[in-house]
Amino acid sequence: MSAMFKITLPDGSLREVPEGTTPGDIAAAIGPGLAKAALAARVNGEVRDLNRPLEGDAELALITSRDEADALELARHDYAHVLAEAVQNLFPGTQITFGPATEDGFYYDFAPNPERGPFTDEDLPMIEEEMRRVIARDEPLIREVWSREDVRKFFEETGETFKAEWVMELPEGEPITMYRSGKWMDLCRGPHMASTGKLDPQAFKLTRVSGAYWRGDQKNAMLSRIYGTGWLNKKQLDAHLTRLEEAAKRDHRKLGQEMNLFHLQQEAHGSIFWHPKGYLIWRALEAYMRRAIDAAGYREVKTPQVMDAHQWEQSGHWGKYRENMFVIPDEVPNTEDEGPIVSNDAEWMALKPMNCPAHVLIFRQGIKSYRDLPLRLYENGTCHRNEPHGALHGLMRVRQFTQDDAHIFCREDQIVDEVRAFCALADRIYKDFGFTYAIKLALRPEKRFGSDADWDKAEAELRNAVIEAGLATPEYGWEELPGEGAFYAPKLEWHLTDAIGRTWQVGTIQSDRVLPERLDASYVGEDGERHRPIMLHRAIFGSYERFIGILIEHFAGKLPAWLAPVQAVVATIVSDADDYAREVVEALTAAGLRAEADLRNEKINYKVREHSLAKVPNLLIVGKREAEERTIALRPLGTDARQEVLPLDALIERLKAEALPPDLR
């Protein structure tokens, strides 16, 4: 007689089922509607296939499309498998590697048949049609458990060298799952929906092809990565494609070129060439942030770009972060031969990937008393990180960047007050830029420095500060993220929402007991003994480069007047107004406004289009009448308001008010 399992459903009801029963069987027993709607099951909190037999007493929740997050993850995983099957159907000799679900879709990496060559965007429509045929066949997705050796033999016999290599790195003796769809098979952890027919054939789109190295290593084979977006229904897909179209219009790389703000080129991979107009935005942000940190009691410092490797070893970064550091020898190289030669005796140094160890060294200069705390050290600190070429993306992912970085050295009894004050500062700054945000608490990762007791304290302090600030609420998207903290500290994260609903993780504050210990930072307490300070790492912009990129996309280039590189252009209709236009520019400049004149012999409509493309917030049009009457025809950017004629003095006062930074109003 088979064993009986007790299964608890979400409503608290209990069902006894025999061994071998699947969640799909329970869905069918409840009703045909649920059996049809069920996509997978959550068994004791773990998402599993509907047809995987239950293994004992369990809490069971059936997943349907109403459970959108789980359903989307399943669908995107399945789309990736269908993509791989379709590609191998169409292009024999193509090897498969891996294809995960992503935030809004999926991708799969392929090793194309060498005789055919890499895939291109022109291949995508044909692959989409084959994917729809695979979905229409409604093949069951069957989970099978194999031994590692059997998997290796299968992939070697079928010419799948990448999979055969990968499987041998899995622990010996560990059961490995394979998924079968008709005659096609793939190595996969799962879970999957019951069959390919559960996918909506009109709810996905392949978007692009790019190159990707096998296992992310430039020394390995170059693969073809096919990206797609996948959803539960066509309505969701259409809404997403509309968002993508809007995002493309707002792409900071495109707008940066049109507005003449910056450029990138291969002579400096991952570093930005700031043009005069782009650097004006930077300077306006820098001045704004300096006013904010000065008012909040920070002291600005500047630290070296290059530091000895021993310092990075002591801090722990050398062991945890060395592959992302630019390392240089501490000697003059031999340049007599074709290239510089470094001796084997050279000591190593590194361009700093972060500012925190240098700030500890400043703190250690001189004896600190408990009365000196909190000590808030701020730096517009330029850092370098050796990001892979393929990961670089405009201003958003760079190798050289400048952080609005600060470290607060404080006593344990000051932590909650300092974090709460930072929350208030961040709130004001983000609201000045028109952002809403969510706050997340990233908790201890599996690999970390420090004791569990210290992590317990640090996590509780951050949590309590947010609670006292009144921000640990659904309104602020409060959420705790297990395993997402840094290796040395838990952190609060600020996730901004932009004008088209995208989220960007920007600000952070981390409560760190590890680095002061490793770098021997101390202060003299009220008891006359040495104590370790707590070190709060914090940033609001994150980096100037990325924050400027976010602002450009958030405002679609139409920056607020106080940030606009050119706040007004005086454009003439006829040459008779040239002298008056120059006089207007001089008056605007004297009033502290950034203004230019456009005196070219072009039609006014041409000038309007050109300066609108450059996102100049105010176009001031002058002709013979305006020159005679000493007035200006004001045409603001992107508004439906009719052109307004104003006296020069009144116009200047209006533009000065608009161009005033929000913290000075």
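Which residue lies over the face of W231, and at what distance from the ring centre? In this predicted model, the residue is R76, placed 4.4 Å from the centre of the W231 ring. A second contact of this kind involves R225, whose charged end sits over the ring of Y107 at 4.0 Å from its centre.

Let me turn to contacts between aromatic rings. A pair of aromatic rings is described by the distance of the centres and the angle of the planes. The count for this structure comes to 28 aromatic pairs. One of them is formed by Y79 and F106, which are stacked, with 5.7 Å from centre to centre and 20° between the planes. Y79 belongs to helix α3, residues 68-90, and F106 to strand β7, residues 105-111, so this pair ties together parts that are 27 residues apart in sequence. Both Y79 and F106 are buried.

F98 and W166 offer an edge-to-face example: their centres are 5.2 Å apart and their planes stand at 70°. Here, too, distant parts of the chain are linked, since F98 lies in the loop between β6 (95-96) and β7, while W166 is in helix α6 (residues 161-167), 68 residues away. Are these two rings buried or exposed? F98 has a relative accessible area of 28%, and because buried means under 20% and exposed over 50%, F98 is partly exposed. W166 also counts as partly exposed, at 28% relative accessibility.

Elsewhere in the chain, a single aromatic cluster brings together F262, W274, Y279, W282, Y288, F433, F435, F541, Y544, F547 and W562.

I come lastly to the internal space. Rolling a probe the size of a water molecule over the atoms shows where empty space is left. How many cavities of 30 Å³ or more does the structure hold? There are 3, and the largest has a volume of about 50 Å³. The lining of this largest cavity consists of F449, D454, W455, A458, Y488, A489, P490, S511, D512, R513 and V514. Two elements, α14 (452-468) and β24 (503-512), give two or more residues each to that lining. Of the elements, α14 contributes the most, with 3 residues. What classes of residue make up the lining of the largest cavity? By class there are 7 nonpolar, 1 polar and 3 charged residues.

To close, I return to the two arginines: R76 lies over the face of W231, and the charged end of R225 sits over the ring of Y107.

How values were computed
Residues numbered from 1 in each chain as written. Predicted model: local features only at pLDDT ≥ 70, side-chain atom pairs only at ≥ 80, totals over all residues. Heavy atoms only, no water. Phe/Tyr/Trp six-rings, centres within 6.5 Å; stacked < 30°, edge-to-face > 60°. Helix = DSSP H or I, 4+ residues; strand = E, 2+ residues; numbered from the N terminus. Buried < 20%, exposed > 50% of the residue type's maximum accessible area, 1.4 Å probe, protein only. Lys NZ or Arg CZ within 6 Å of the ring centre and 35° of its normal. 1 Å grid on protein atoms, 1.4 Å probe; cavity = no way out; pocket = protein on both sides within 12 Å on 5 of 7 lines; lining within 4 Å. Points joined across faces, edges and corners; volume = space filled by probe spheres on them. Nonpolar A, V, L, I, M, F, W, Y, C, P; charged D, E, K, R; others polar.
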